[in-house]
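Good morning, and thank you for coming. I should like to take you through one model today, chain by chain and contact by contact. Please look at the sequence and the structure together as I speak.

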Amino acid sequence: MKPPPFDYRAPRTLEEALEDLAEGGKVLAGGQSLIPLLNMRLAAPERLIDINGVASLDALEVTAAGVRAGALARHAAVERSAEAAAVQPLLRQALRHVAHPVIRNRGTVVGSLAHADPAAELPAVLALLDGHVEAASASGRRTVAAADFFTGPLESALRPEELATAAFFPALPPRTGTAFAELARRHGDYALVGAAALVTLDDDLRVRAARAAYLGVADTPVVLDLTGPAVQGQEGRPPGAVDWSAAAAHAVARVNPGGDIHAGADYRRHLVGVLTGRALAEAARNAPPGGT
Amino acid sequence: MFGEPIPRREDPRLLTGQGRYLDDLGRGALAAAFVRSPHAHARIEGIDVDAALDVDGLVAIYTHEDLPPGVGDPLPLLIPHPALTHGRTARPLARDVVRHVGEPVAMVVARDRYLAEDAAERIRVDYEVLPAVVGIENAAAAERLVHEDVPGNVGAHLVQEVGDAPAAVAAAPHRLEFRLDIERSASMPLEGRGVYARWDPDEGSLRVYSSTQTSTGVRMALAARLGLPKTKVEVIAPDVGGGFGVKVVHPWPEEVLVPWAARLLGREVKWTEDRREHFVGAAHERGQVQRVRVGFDDAGRILGLDVTILHDHGAYTPYGIIVPIVTSTQLPGPYKPGAYRVEFTSLYTNTVIVTPYRGAGRPQGVFCMERTMDKIAAHLGLDRAEVRAANFIRPEEFPYDQGLTFQDGRPLIYDSGDYPRMLEMIKELIGWDGFAEEREAARREGRRIGIGLGCYVEGTGVGPYEGGHVEIDSTGRVHVATGLTSQGQGHQTVFAQIAAAELGVPIEDVTVATGDTRRFGYAVGTFASRAAVMSGNAIALACRRVRDKALRIAGEALEADPRDLEITDGVVHVRGDPTAAIPLRTVAVLANPLRYAFDEEARRATQFAVGGSPDEPPVPAGEEPGLEGRDYYSPVRSTFASGMHAAVVETDPETAEIRILRYAVVHDCGRMINPRIVEGQIHGGVAQGVGGALYERMVYDESGQLLNASFMDFLMPYATEVPRIRTGHLETPSPLNPLGIKGAGEAGVIPVSAVIASAVEDAEGIRIDAMPLSPDGLFRLRRRAAVDPALRVERLPA
Amino acid sequence: MSGEPVFEITMTVNGVRRGARAPARRLLSDFLRHDLGLTGTHVGCEHGVCGCCTVLMDGDPVRSCLTLAITAAGHEITTVEGLAPGDGEPSPVQRAFQECHGLQCGFCTPGFLCTVTALLRDNPRPTDEEVLEGISGNLCRCTGYQNIVASVHRAAELIAESGDGS
């Protein structure tokens, strides 16, 4: 289990990195997904472009608008950031489920998005929040919305010559709470199913909107607007008294997960319902009554 | 000293990165890598190495055709048995047919492992893919064969009978019949296998380091395969990063090929197994299907037990049929099963070989017996503990003959134990009485909890023998050597404790060498919970020889009767007279009559310094020079340890997750040499048991591909998956050996699946007849039980 | 295939500047073990799950099997060989593991020691749950973790007693 040989580039600036990428190659950031594939020789890129030396890429910018994680912002740095957690708590809630602490020390938020693993947490987070990925190539820059970014299992809208330079997670709207729930076989394993939830209250502190995003149920993150089933028939109830089972049933009816050696399709579908209820209830509890 | 929980003497080295494991040796040695079959069953049509030849750093590529007779022949069948009528072993490199994914087909030697893998990747093997036999029942159906010349895929068939079980079942007032399934797991030590060989062309000798549980076994096998005299082959087990059974198999294909290549090339060669290789190239265990018929009376006493076992032994049988023999003979546990009949059929499949993994067939046997006990209790509406108690062998019934033949070919006679007392202890430790209320209280909160219990007896310390050598040198240091190996059991500590206690020396003066044929050439190996019993007693006996000799020599020097002497802190002195004393280091000098004084101390023993009669030889008749002794321990039969585990589990009504809330163990391994080490062995065993009960399985698809050959998908428990374990000890000494000890290495793992099944069944009210059990598995069981009352179990009294 | 390019890779290992020539694909684990001869760092799976190869990189635990040596060039690496303060005495974490029988075969131990050293630096008095979370990425097949958890708590005590965390 040793990596195959590759041509190695270690650009020091973003421009150099983009020039290297224009010639073709695979980007190495945290390496926590790529290097296992290399060690097992399931990937054999001609050229590896190691961006770890590009100092400008590790920025973590937190503004009132949201959290912008540069390509080298490590999971652990984002997880630890109190500012990021204040603006967008879902990030920390989800990051705690990403593998183990030691992996999070190296792995990057943007790398996890670019890897586009359908069982990974962050793609679902980006999708739920309607965030975006910033991509750059030698010929220009563009922004790709989450809804367009994930195109298949381990496939993203990034072009071969493009580097994902940052990801942007919008701040929470006012009176909004989030939660993340997942079920894994062992602590830290890829989830069998996971759900990220977002509940917004109205001025009367009643549920105005409820949405959830799922991982592990399709090739790409699935985002569902559950406002209808969450609100219908229980208008006027305080969030703590809302019965989320209709929303859960709604979600179950709209996902079509596959089975694998760890869990069958029926069980995954069942979990979608359980986790929907749990995540929405917690998100509602987390919604601050006044302002953000 | 003996019996004290002293800290381990191997730790300072291992804690500072100074351990020497296989891959830490031989820096600069050439590296080997293997081309392994990607197919479960295929005929090799051709091997094309051309594309690999220009890989930088390549030294050699070998296929079966390159191997001389002896080296290329099928590997030995290590443990023949008359019932193993169709034993088959693999060749080190496959010749015509490969029979499991991972079977070695070609060996590459290169400057380093990266380059060796580059070359291996470029070797093209053409296969004609043959249909694969996967799964026990497909093997038994025998629509396809693993070996053309093995009809029915049956390697072995064995029946053991005590009384007429079918008749006893038929005549019993109550009868039950059911099927049980246990899936495969594996030892999975964190250090894989590995071999490093050095050929000395000047001496014509071979030194081999192997991450093995039996260095003497590897040595004998290598001498035979390579046509070398035993005196020209030395095998050393360095620090070994866990074994748990898999490393007792020998010689592995790689263990033959690497030394052979080292000799051929005249270069040092090393192979360090990687994790992917370990999954498909080493060994698995556990997979069985059992059919049980039991008859019992109103009190739950078993009158007849009739068990039929299908055992999956994989593609080859190098380790014989030890695993199903152990299952079938240890199945009765602490009970008197009345008439007992057990029949097993050991079957070939196109999967990795099956050889002992910690517990070695016992977890399956205990699962069978303990599920039977629970089913009897449920059928009669009795307390599960009471049913067990009704079947126990009583303390006054020892020695108790189960009437079977054990894995060592000896009668299965239990030497000692106290099962009723142990049951009281485990009930107390887990909170058995009163649990019914606890369960009800939880239920009122919408929680599901359940309690389970499991009992076992484990034959430990199987023969044929182990030996020990003890030498006290002229500095007073004590050098202990035994031939069996260590994989983390703390042998350097416990054997030193024994020697220090026997000799009356400070433990700091004792060093222990294990697994090095240069130090001790006769040994069997470390497996079957035998090291403490076998080498512990051998070392004690060797120490007693040395002690006797020391007292004799000291008696002469002190002009005292040896019977009046004792040894304290390394000094021999007359009992009651501290002035009449001589240190052991001086006794050691006197024990070796000298012509030459190599140091100041040695002057005492030279020919003009010593006294003694001029008419007697300096070394008296029957004596040998040196203060040393060697002895062996060879028991008539095994000694039987026992234990009982209990657990409280909680199952999530929604997600079907299973959480262990409490886990308790009571264990009896006779006299404990070091309770802390015993406890550590139990902890580790329980964790592996939890893995086997809830997480670990080997998932083969129908074409024989192992779908979860990585630590991502083979789910060994982390700290977050293992409950806190409470332990209690009972010490019923073994009457069979001088130290009164029994083995402890495997105990922890044995009853865990049975206990968890029992507890989940209690929490859920659903029959649990197959392990391991995942949340998805429980989810599916719930759905089935909702529509099938036969799958439901009446709630039991606690 | 002609020889692949090699690079002079230098880094600070256990406080000492060390260098060796190696190709870009050399894993940090292999570089430490085979190029620098520091074999205390062990390799158990080479896909980042077992944690045996954990070392400290600029103080943070990382998987050396999932890091290229060349990526680590210029960084500070601490391995199990460098955990003791250098006065011949073991570190509090090492002492605690011996006191509590926190190791058996010792193969996973270096990874645990590095992980726990960083854990206690960041959180000197962890709760049981925090200990479990902290070591949850390290596999041990021998101990059942009972005494490892005890060792972590004991190490926290020893560090608190010594007062300076060294």
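**Domains and contacts of three chains**

Chain B is divided into domain 1 (11-130 + 187-281), domain 2 (288-392 + 426-461 + 638-791) and domain 3 (466-633); such bounds come from an automatic or database domain assignment. Before going further, I should state that this is a predicted model, in which local features need pLDDT of at least 70, side-chain atom pairs count only at pLDDT 80 or more, and totals for chains, interfaces and linings use all residues. Residues are numbered from 1 along each chain as its sequence is written, while chains are lettered from A and ligands numbered from 1 in the order in which they are written.

Let us stay with chain B for a moment. The C-alpha centres of its domain 2 and domain 3 lie 44 Å apart. Their contact takes 20 residues from domain 2 of chain B and 18 residues from domain 3 of chain B, where two residues are in contact if their C-beta atoms, placed from the backbone, lie within 7 Å. On the domain 2 side, at least two residues each are supplied by strand E18 (448-460), strand E26 (639-651) and helix H16 (675-695) of chain B. Helices (H or I, at least four residues) and strands (E, at least two) are DSSP runs, numbered from the N terminus. By class, this side of domain 2 of chain B has 9 nonpolar, 8 polar and 3 charged residues. Here Ala, Val, Leu, Ile, Met, Phe, Trp, Tyr, Cys and Pro count as nonpolar, Asp, Glu, Lys and Arg as charged, and the others, Gly among them, as polar.

I turn now to the partner of chain B. How many residues of chain C are in contact with chain B? There are 48 of them, and they meet 44 residues of chain B. The elements of chain C that give two or more residues to this side are helix H3 (92-99), helix H4 (109-122) and helix H6 (146-162). The side of chain C that touches chain B divides into 22 nonpolar, 21 polar and 5 charged residues.

Chain C itself is assigned two stretches, domain 1 (6-80) and domain 2 (92-162). The C-alpha centres of these domains of chain C are 22 Å apart, and their contact takes 15 residues from domain 1 and 11 residues from domain 2. Strand E3 (54-57) and strand E4 (60-63) of chain C each supply at least two residues of the domain 1 side. E3(C) gives the most to that side, with 3 residues. By class, the domain 1 side in chain C has 7 nonpolar, 7 polar and 1 charged residues.

Chain C also meets chain A. In that contact, 21 residues of chain A face 22 residues of chain C. On chain A, helix H2 (34-39) and helix H6 (101-106) are the elements that give two or more residues. The largest share, 5 residues, comes from H6(A). This side of chain A has 11 nonpolar, 8 polar and 2 charged residues.

Let us now consider chain A as a whole. It has 12 helices and 14 strands. The radius of gyration of chain A, taken over C-alpha atoms, is 19 Å, close to the 19 Å that the globule rule gives for 292 residues, so chain A is as compact as a globular protein of that length. The globule rule is 2.2 Å times the number of residues to the power 0.38. Along its principal axes, the C-alpha trace of chain A spans about 60 × 45 × 30 Å. Of its 292 residues, 56% count as buried, that is, 20 or more other C-beta atoms lie within 10 Å of the residue's own, with C-beta atoms placed from the backbone.

The assignment for chain A gives domain 1 (7-53), domain 2 (55-170) and domain 3 (176-285). Between domain 1 and domain 2 of chain A, 15 residues of the former are in contact with 19 residues of the latter. Helix H1 (residues 14-22) of chain A provides the largest share of the domain 1 side, 6 residues.

I close with a sheet in chain A. It is an open sheet of 3 strands in the order E1-E3-E2, with parallel pairing; two strands pair if DSSP finds at least two bridges between them. Its edge strands, each pairing on one side only, are strand E1 (7-9) and strand E2 (26-28) of chain A. E1(A) is joined to strand E3 (residues 47-50) of chain A by 3 bridges. In E3(A), Leu48(A) is the bridge partner of Tyr8(A).

Methods: Buried ≥ 20, exposed ≤ 12 C-beta atoms within 10 Å, placed from the backbone.
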